[in-house]
Structures are given as structure tokens and as C-alpha cells.
Amino acid sequence: MPKFAKLTDAVTADVVVVGAGYLGLSSALHAAEAGLDVVLLESHQPGFGASGRNTGFVVPSLKTSLGPAEVVGALGADHAGRLLKLVADSGKAVFDLIGRHKIDCEAVQNGWLQPAHSRGAEEALHSRMPRLLLAGVDAEWLDRNAMLKRTGLPSLHGGIRVASGGQITPLAYAHGLARAAISAGVRLFGDSPVKGIEPDGQGWRIRTADGEVRARRVLMTTNALIGNLLPELRASIIPARVFQIATQPLPPALRATLLPDMAPVADTRRHTFALRWSPDGRLVTGGMVPPLPGRMALARRLFASRLRRVVPGLPEIRVDYSWTGVIAGTLDFLPRMMCIKPGIDAVIGCNGRGVALTTALGREIGPWLAGRITDPDLTLPLTAPRPIPFSRISGLGPHLVLPIWEARDAFEARFR
Ligand SMILES: Cc1cc2nc3c(=O)[nH]c(=O)nc-3n(C[C@H](O)[C@H](O)[C@H](O)COP(=O)(O)OP(=O)(O)OC[C@H]3O[C@@H](n4cnc5c(N)ncnc54)[C@H](O)[C@@H]3O)c2cc1C
């Protein structure tokens with residue numbers, strides 16, 4: 001896609017959206033469709049952040065630890081009901097948008113699979129089914145044999161298939177959303193990191209290195225790459241670095257038995273085992289690695305060896321590509337919608353489940369910015385920022401718990 005030019009003028013807008021990942025792009029697109037004059041500012045180019053680096057799973061589900069009961073416990077019945085519904089519809093939101101804007105991103109909507117890694121996890125997942133169905137999730141229970149047919153992975157147990165899930169090619173989806181936003185009238189500027197946001201009469205003056213925008217409202221969609229622009233926003237998330245690898249193209253015969261429907265799979269481990277086929281026949285997987293020197297090389301070794309352990313009959317594999325990105329985590333794994341100051345709002349914290357969730361949230365945020373949805377009617381409660389304790393070093397947290405997670409996952413897989 002051609003590069004988006006940087007902002008070099010002083011312009012005005014109704015709303016400035018900061019950050020062109022899926023959330024900023026979907027919010028800007030839907031705000032423009034709701035009649036607003038929108039400027040979208042991106043530090044680099046659309047999809048530079050997690051949106052261009054993720055695994056491409058379209059997952060109509062929150063983190064594994066967040067079943068309907070846990071969401072109700074955390075948010076109360078009203079907001080929980082709305083969030084569960086938004087998540088249940090989020091796969092459809094992605095594929096509808098792709099269809100409506102003819103986005104070429106190798107989308108496959110053949111379901112998302114979540115097998116359990118242990119018998120105990122299988123029971124816990126199974127007990128969730130009635131409430132998932134009640135929340136409108138198009139989930140189907142697959143026993144161990146049925147799951148094996150769908151995955152070809154014999155070490156995994158029974159689990160859930162959500163039919164409206166699937167996969168996309170991440171950067172292509174971001175580029176498609178950018179095109180759709182432009183067509184709807186959004187003015188998108190690349191290479192324009194926002195350096196400062198200052199009060200300006202009734203609104204705000206949003207400064208980049210070479211230009212500025214005056215607007216009534218600002219929406220921050222910077223995810224984990226916020227830097228020091230708004231310390232209270234940065235302090236509200238745990239940035240967690242995640243690595244991905246892709247193998248060489250593998251023999252077509254393997255596709256007949258391993259994920260034959262091209263439905264991505266992510267198990268219930270705390271350190272999730274996730275796998276999908278790329279359209280050109282590579283296996284894509286990844287996860288976290290300890291914060292040691294040479295982490296990329298370590299990631300390549302660790303995830304290739306995990307693949308060999310979990311996938312039977314795998315031929316000799318080579319890692320052709322590896323990359324990394326940062327997710328924005330929260331302590332309870334729930335996303336946040338925050339009012340930083342009157343007129344500056346932020347949505348953040350999709351916890352590695354953001355492809356479908358950000359798209360669906362953006363579909364609501366657009367009309368909300370246009371005044372068609374009131375604050376109390378939003379899916380997520382609009383709160384003040386809640387700083388995470390020791391937020392400056394919180395990024396170390398996931399790495400400190402990783403060995404404990406892995407030990408518990410391995411113990412459960414073997415003995416429970
Ligand atoms: C390796 C990896 C694998 C993942 N796999 C999956 C998956 O398979 N399925 C799933 O559902 N989720 C997955 N996720 C999570 C998902 O990618 C994210 O939740 C989602 O992309 C977040 O979108 P976003 O728009 O909020 O943020 P981002 O895509 O991170 O976008 C934020 C943007 O803000 C810009 N920005 C920051 N500061 C400024 C500034 N001052 N001025 C201007 N611009 C700024 C950044 O450059 C960036 O482009 C994964 C994440 C990672 C890192």
C-alpha cells in the first residue's frame with residue numbers, strides 16, 4: 001500500500017484518533033460513517049503496532065480465564081451482558097466488514113478451535129457451554145475424538161469450536177481498513193507521532209513534529225506503544241512482548257490431517273499453544289520467551305521445538321520468518337475504556353485477543369463519538385485511568401510468571 005504522508009499543516013477536525021491499528025482504524029471509519037470529520041494520526045504507518053504483527057486469529061472470545069461468570073463478577077450484570085454480546089458478535093463484525101469493504105486479506109471463516117490441554121481444563125470449559133450459548137456465542141462442543149479430527153493434534157482434549165471465528169492476514173486487514181477509512185472521508189496521516197496534547201479553548205490542540213490539529217475530542221488508540229505521551233494511560237497497562245515464527249511451506253499432504261479446515265487453534269494453557277496455516281502453507285505459532293539477550297533466536301528455537309513436540313509426523317522444519325510485537329495486558333484481562341480528561345478518551349487492553357474485539361469496539365465507538373450512544377449505554381464502563389502497581393516495571397511481570405505458568409500447564413497436561 002502507498003505510504004501515508006505526514007501531517008505538515010495546521011488543520012481542524014471534529015475528532016482526532018491517535019494510533020492507526022485496528023482499533024483506531026475501525027473507530028475512525030465508523031465515526032466518519034456517522035458523519036464526523038475525523039483526522040487519524042499514526043506514528044509510523046497503519047498496522048505498525050500489534051495489528052500488523054499478530055497471529056491473525058479472529059477469536060470471538062475473551063481470555064480463557066474469563067468465562068461468562070468471571071466477566072459478570074468483574075463488571076456487574078449490565079456491562080458484562082453487553083461485553084459478552086459484543087464479543088459473541090465480534091467474529092461476524094470482522095468478516096462483515098471485510099465483505100462490505102471488499103478487503104483482500106485472505107480471510108477464512110471456518111471457525112476458531114479451543115481444545116483443553118488437560119482433563120480438568122476440559123471439564124471447566126464444558127461447564128461454561130450453557131452460559132456461552134446464552135450469551136449468543138455460536139459455540140459447539142467437540143469431544144476429544146471430534147476435536148482430534150479438526151486439529152490432528154492427539155495430545156489435546158475436547159473443547160470448543162466457535163463457528164464465526166477464523167483467520168486473516170493481519171497487515172492486509174489493517175491496510176484494507178485504512179482504505180475503507182479513507183473512502184469514508186477520514187484524513188489519515190502516517191509518520192506523524194503525536195508529541196503533545198494541550199487545552200485549546202473548548203477543545204484540544206494535538207501537536208505532531210510538523211503540524212497540528214485542533215479538535216473537540218481526542219480518542220487514544222495507541223495500545224501498548226503509547227510511550228510517555230500520557231503517563232496515566234501508559235500506567236494502566238502491562239506491556240507484554242510476544243514472538244511469532246513461520247516455518248517454510250510444508251508438504252500439501254500435511255494439510256489433510258493437520259487443521260484441515262484452516263481453522264486456527266489455541267488451547268487452554270496459560271502460555272497458550274496457538275497454531276494456524278498461512279495461506280501459502282506455512283505453520284505460524286509463537287508465544288512469550290524469557291527476557292534474555294538474543295531473544296529472537298531463542299524464540300525461533302523454543303517455538304520450533306514446541307511445534308515438533310505437539311504436532312505428530314512433522315517433517316524437518318525450518319523457521320523462515322520470525323517477528324515480535326507488544327500486547328497491552330491488564331491485571332483482570334479485561335479491556336478498558338477510560339476518560340483521561342474531559343474530551344480525551346482512550347480504549348486499551350485487549351490482552352492479545354484484539355483482532356475481533358477492537359473491530360467490534362470501533363463499530364460502537366464511532367456512533368458514540370457522534371453522540372448517538374450515551375456514556376451509560378456503552379459496552380465497557382467509562383472509567384478514570386486505574387494505574388497498575390509498579391507500572392514502570394510491570395512489563396517484567398509476564399516474564400516472571402511465565403515459568404510458573406509453564407510448570408502448571410505441563411503438570412496439568414500430564415497428571416490432570
Ligand atoms: C505477536 C502478537 C500476536 C497476537 N495475536 C493475536 C491473535 O491471533 N488474535 C487476536 O485477536 N489478537 C492477537 N493479538 C492482539 C492484537 O493484535 C491486538 O489486540 C490489536 O492489534 C490491538 O490493536 P490496536 O489498534 O489497539 O493497537 P495497535 O495495533 O498496537 O496500534 C496502536 C498504534 O498506535 C500508534 N501510536 C502509538 N503512539 C502514538 C503516538 N504518540 N502518535 C501516533 N500514533 C501512535 C502505533 O504506532 C500503533 O500503530 C496479538 C498481538 C501480538 C503482539
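**Entry: Asp320 and Arg282**

I looked up Asp320 in this predicted model and found it partly exposed, with a relative accessible area of 27%. Its partner came next: the side chains of Asp320 and Arg282 meet in a salt bridge, 2.9 Å from N to O. The two residues sit in distant parts of the chain, 38 residues apart. Asp320 belongs to strand β16, residues 319-329, while Arg282 is in the loop between β14 (274-277) and β15 (283-287). Is Arg282 buried or exposed? I read a relative accessible area of 12% for Arg282, so this residue is buried.

**Entry: a salt-bridge network**

I then followed salt bridges that share partners. They join Glu198, Asp200, Arg205, Arg207, Glu212 and Arg214 into one network. I checked one of the pairs among these residues: Glu198 and Arg205 form a salt bridge, with 2.7 Å between N and O. Glu198 is partly exposed at a relative accessible area of 25%, and Arg205 is also partly exposed, at 23%.

**Entry: salt-bridge count and one long-range pair**

How many salt bridges are there by the rule used? I noted 21. One of them pairs Asp261 with Arg150, and the closest N and O atoms are 2.9 Å apart. I traced where the two partners sit. Asp261 is in the loop between β12 (238-247) and β13 (265-266). Arg150 is in helix α5, residues 144-151. The separation along the chain is 111 residues, and the pair links distant parts of it. I also looked up the accessibility of both partners. Asp261 has 27% relative accessibility and counts as partly exposed; Arg150 has a relative accessible area of 24% and is partly exposed too. For background, I wrote down that side chains of opposite charge can pair when their charged atoms come close.

**Entry: positive phi**

I looked for residues with unexpected backbone angles. Most residues other than glycine have a negative phi. Leu259 is not a glycine, yet its phi is positive, about 40 degrees. Leu259 lies in the loop between β12 and β13, the loop that also holds Asp261. At 2% relative accessibility, Leu259 counts as buried.

Asp191 is another non-glycine residue with a positive phi, about 50 degrees. I placed Asp191 in the loop between β8 (187-189) and β9 (194-200). Its relative accessibility is 32%, so Asp191 counts as partly exposed.

**Entry: cysteines**

How many disulfides does the structure hold? I found zero. I wanted to know why, and went through the sulfur distances for two cysteines. For Cys339, the closest cysteine sulfur is in Cys350, 19 Å away, which is too far for a bond. For Cys350, the closest cysteine sulfur is in Cys105, at 18 Å, and this is too far for a bond as well. The cut-off that matters here is a sulfur pair within 2.5 Å. I also compared the surroundings of the two cysteines: Cys339 counts as partly exposed at 27% relative accessibility, whereas Cys350 is buried, with a relative accessible area of 11%.

**Entry: cavity**

I turned to enclosed space. The count by this rule is one cavity of 30 Å³ or more. The largest cavity holds about 200 Å³ of space. Which residues line it closest to the centre? Of its 20 lining residues, I listed Pro60, Ser61, Leu62, Leu66 and Leu132 as the closest to the centre. I then asked which elements give two or more residues to this lining. They are the helices α2 (68-88) and α4 (119-134), with the strands β4 (112-115) and β6 (159-162).

**Entry: second largest pocket**

The second largest pocket has about 430 Å³ of space. Its lining comprises 18 residues. Nearest its centre I noted Arg269, Arg306, Arg309, Val310 and Glu406. Helices α8 (295-310) and α10 each supply at least two residues of the lining.

**Entry: nonpolar surface patch**

Last, I looked for nonpolar side chains at the surface. Phe390, Ile393, Leu396 and Leu400 form a nonpolar patch there. Together these residues have about 480 Å² of accessible area. I took Leu396 for a closer look and found it in the loop between β19 (382-383) and α10 (397-415). At 44% relative accessibility, Leu396 counts as partly exposed. Helix α10, which follows that loop, is the helix I had already noted in the lining of the second largest pocket.

Key
Residues are numbered from 1 along each chain as its sequence is written. This is a predicted model: local features need pLDDT of at least 70, side-chain atom pairs count only at pLDDT 80 or more; totals for chains, interfaces and linings use all residues. Side-chain values use heavy atoms; hydrogens and water are left out. Buried means under 20% relative accessible area, exposed over 50%, partly exposed in between (1.4 Å probe, protein chains only). Patches are made of residues with over 30% relative accessible area and no salt bridge: like charges are joined within 9 Å, nonpolar side chains (Val, Leu, Ile, Met, Phe, Trp, Tyr) within 5 Å. Accessible areas come from the Shrake-Rupley method with a 1.4 Å probe; for residues, only the protein chains shown count as cover. A salt bridge is a side-chain nitrogen of Lys or Arg within 4 Å of a carboxyl oxygen of Asp or Glu. Helices (H or I, at least four residues) and strands (E, at least two) are DSSP runs, numbered from the N terminus. On a 1 Å grid over the protein atoms alone, a cavity is a set of points where a 1.4 Å probe fits but cannot get out, and a pocket is an open set with protein on both sides within 12 Å along at least five of seven lines; lining residues have an atom within 4 Å of a point. Grid points are joined across faces, edges and corners, and a volume is the space filled by probe spheres set on the points.
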